[in-house]
Amino acid sequence: MRSMIIYSAVPAVFSLGLLCSTPASAQDSATAHDEQDPRAPIIDDAEFDATIPPIDDDPNAPMGSIEDWEAEQQRLERETREEDAEDGLAALPALQDGDPDELIADAPVNDPEIDNPLTPIDNFDVEPFDESQYTEADDSKLAASLRYDYRVDGLDALDESGKTEVRPVSADDIRDRFGDLSALEDGDGKAVNGAMISARMREDQQLLADIMSGQGFFDASVNGQVELPEKEGEKLTVVLRVDPGKRYNLGTIMLDTDPVVPEDLITSNFIPKIGEPIVAERVLAAEANLAVVLPQEGYPFAEIGQRDILLDPETGSGDYTLPVQVGPRSSYGDIVTTGTTAFDADHIAVLARFEKGELYDSRMVDDLRKALVATSLFSIISVKPTASGETAPDGTEYATINVEQEAGPPRTLAGSAGYGTGQGFRVEGSWTHRNLFPPEGALIASAVAGTQEQGASLTFRRSNAGRRDRTVELGISALHSDFEAYEAYTGRLAGRISYDSTPIWQKRLSYSYGFEILGTNEQAFNFTTGMRERRTFYVAALPGQVTFDTTDDLLDPTEGFRLSAKLSPEASLGSGTQIYGRGLLEGTVYYQVDDGIVIAGRARVGSIAGAARESIAPSRRYYAGGGGSVRGFGYQELGPKDIDNRPIGGRSLVEAAAEVRYRFGDYGVVGFVDAGQVYTSSTPGFDNLRYGVGIGGRFYTNFGPLRVDVATPINRQPGESRISLYISIGQAF
């Protein structure tokens, strides 16, 4: 192979292009140059010297006037015209009309072309100019004229010098990193001309040098070389030759800072140690860690300065110095708010999970900002600390919490849709004014329209009512339901107080309690006559719920478990007064087998005790089947049935489900088995369980997964669908 080292890259690579010229064209060019006759000068030296005015012998003599100079110029012009006339030369065009002072000369009056007609435009070539032939898109043949390979030499020594206990590096590590960023690699081995190859090579030389210095090889040098092909049609090769040099280690570490509490706060959180290689990524990560940890430990105004590394080529060590301005150790001060406010500083204090005087922790300030964003009442919100100069009792300095807010539109229109076998299509819409009764007092008007449900409701809701994540609700609704199990017209008045778990602050323990008063006219099965008849029920209930949660995510958990218990003492008026209790216990568990693979399980047991089944409104009984219950069956399809094979509900139920969830990117696949049954007694029998199996797809969004499940029952009975489809938002459990 012939090689050529490129130091001045552009001329060298262009010489590559010149080597592609054919010998014939080179010879023709030389011959044309040799045969060309030299031309005599237009004005010889004697004529030029004669035109130069003589210099006066007396430098102090007075200068001539402008009039004398103009007269002399006119004399010279007359002499020139006379000489031209004697030589047979035509007069100047500017003098054809007798005006010698015009800027643009006149055409000669005896020019015969003036009398000729204009050439017709059809005789001109008016074909549009096609510029594409000069663009890169049309240069494909030329672009294909240069092909190249590249290689990196000289890195094999790293396999020995790069072996260290901390951050070892090998030749493959450097090549892999280089391949991810290389301009030569991105070019796919193609170039339009030599200049392009040269530019890519220069860029990659600097890239390799930066990668090497980032691993502590500060003396590394990279030279570029192009190996020309020996045969026509072969690719040329770009060679980047690396001389790694020695790898520098940390000699000393000096963190220039004022005293902090605790004393080792900075040193213990700066991970690199003396003697390990100076790896840029590790050093930068350590500095970033200090910038994060200090505000979390009471230093909100800490600033990390510019590092300095003094290298010693003889010892191969570098002395590292980092100035750190820690600022005053601070505690939370007053909350101050500015801007167009949605609510005042007192309500912001309700959202804050810290008290005045507690040691400053930036994580709690970030949490406050997220809680403010979650109210959806702001278009702009920022939370920043500022020094107050006021000393707290514990010796720290109060840091004022400045909340700058810009209230956003408080009204929202929302909608959702779903489908389930047995439930049909369901579309729900709502209008919300989130701050009609400040602070955070919302009014919500909603309506539902579906093939089997229609209704409307009006709800007042106050969020963060005197406590973070505590919600107070009061609502009234009217609903018409028409299912296989029953048809009902229901009016409802309900209130609830809840302490909720949220994605921002997921809690181990959450709860709710409230009241419910409803009147419902329902078509119920009469066990005496064996026919369906309309009955009116009046129900008063005091529902409550407690949930214990250890999962890692509220919307899409992959680890942990949840336990939930619901209890609702109820009184039913209709055919006599009935007092009974409804209870439901549910547990879910999640286990991550591998990245993207989760096994999930659910079990649910419910019971109604204290009243006969016929004395309980059909809408208050237990049913099973559907997308949130036992998939493979229609909504409320499982359990006791009447003579027309329509479900009539029961007083106890058992449900179980198991899923294998596999996620890849924003998509997922789920295989599942569900089981369940409803019983007439208040004690579940755990027998005659029905099973459904199926598969589902998931599309993951920022508000939870979109779920599509398809299931079929095992040992299908007459009247049961072979395939059931469920579409909704959120996991099944």
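Trainee: What makes β18 and β19 count as paired strands in this predicted model?

Mentor: Two strands pair if there are at least two bridges between them. Strand β18, residues 487–499, and strand β19, residues 509–526, have 13 bridges and run in the antiparallel sense, so they count as paired. One of the bridges joins Y499 to its partner Y511 in β19.

Trainee: How do you know that β19 also pairs with β20?

Mentor: The cut-off is at least two bridges. Between β19 and strand β20, residues 531–541, there are 11, in the antiparallel sense, so this is a pair as well. Within it, A524 has E533 of β20 as its bridge partner. The hairpin of β19 and β20 has 4 residues between the strands, and G530 there takes a positive phi near 75°.

Trainee: How do you know that β19 pairs with β21?

Mentor: By the rule of at least two bridges. Strand β21, residues 544–549, forms 5 bridges with β19, again in the antiparallel sense. In this pair S512 stands opposite Q545 of β21.

Trainee: Why is Y667 called partly exposed?

Mentor: Buried means under 20% relative accessible area and exposed means over 50%, with partly exposed in between. Y667, in strand β26, has 46% relative accessibility, so it is partly exposed.

Trainee: What makes Y667 eligible for a nonpolar patch on the surface?

Mentor: Patch residues need over 30% relative accessible area and no salt bridge, and nonpolar side chains, Tyr among them, are joined within 5 Å. The value for Y667 is 46%. Y667 is listed in the patch with residues including F664, F699 and I729, and the patch has about 990 Å² of accessible area together. β25, β26, β27, β28 and β29 each supply at least two of its residues.

Trainee: What makes a set of residues a nonpolar core, and which residues have the most contacts inside the largest one?

Mentor: The members must be buried residues of nonpolar kinds, joined through side-chain atoms within 4.5 Å. The largest core has 26 residues, and L155, I174, L208, M212 and L240 have the most contacts inside it. Two or more residues come from each of β2, α7, α9, β4 and β5. The largest share, 6 residues, is from α9.

Trainee: Which residues does L208 touch?

Mentor: Leaving out residues up to four places away in sequence, L208 touches V152, I174, F178, V222, L240 and V242. Apart from this core lies another, of 20 residues, including I335 and F378.

Terms used. Residues numbered from 1 in each chain as written. Predicted model: local features only at pLDDT ≥ 70, side-chain atom pairs only at ≥ 80, totals over all residues. Heavy atoms only, no water. Patch = residues over 30% accessible without salt bridge, like charges linked within 9 Å, V, L, I, M, F, W, Y side chains within 5 Å. Areas by Shrake-Rupley, 256 points an atom, 1.4 Å probe, with all protein chains shown as cover. Salt bridge = Lys/Arg side-chain N within 4 Å of Asp/Glu carboxyl O. Buried < 20%, exposed > 50% of the residue type's maximum accessible area, 1.4 Å probe, protein only. Contact = heavy atoms within 4.5 Å.
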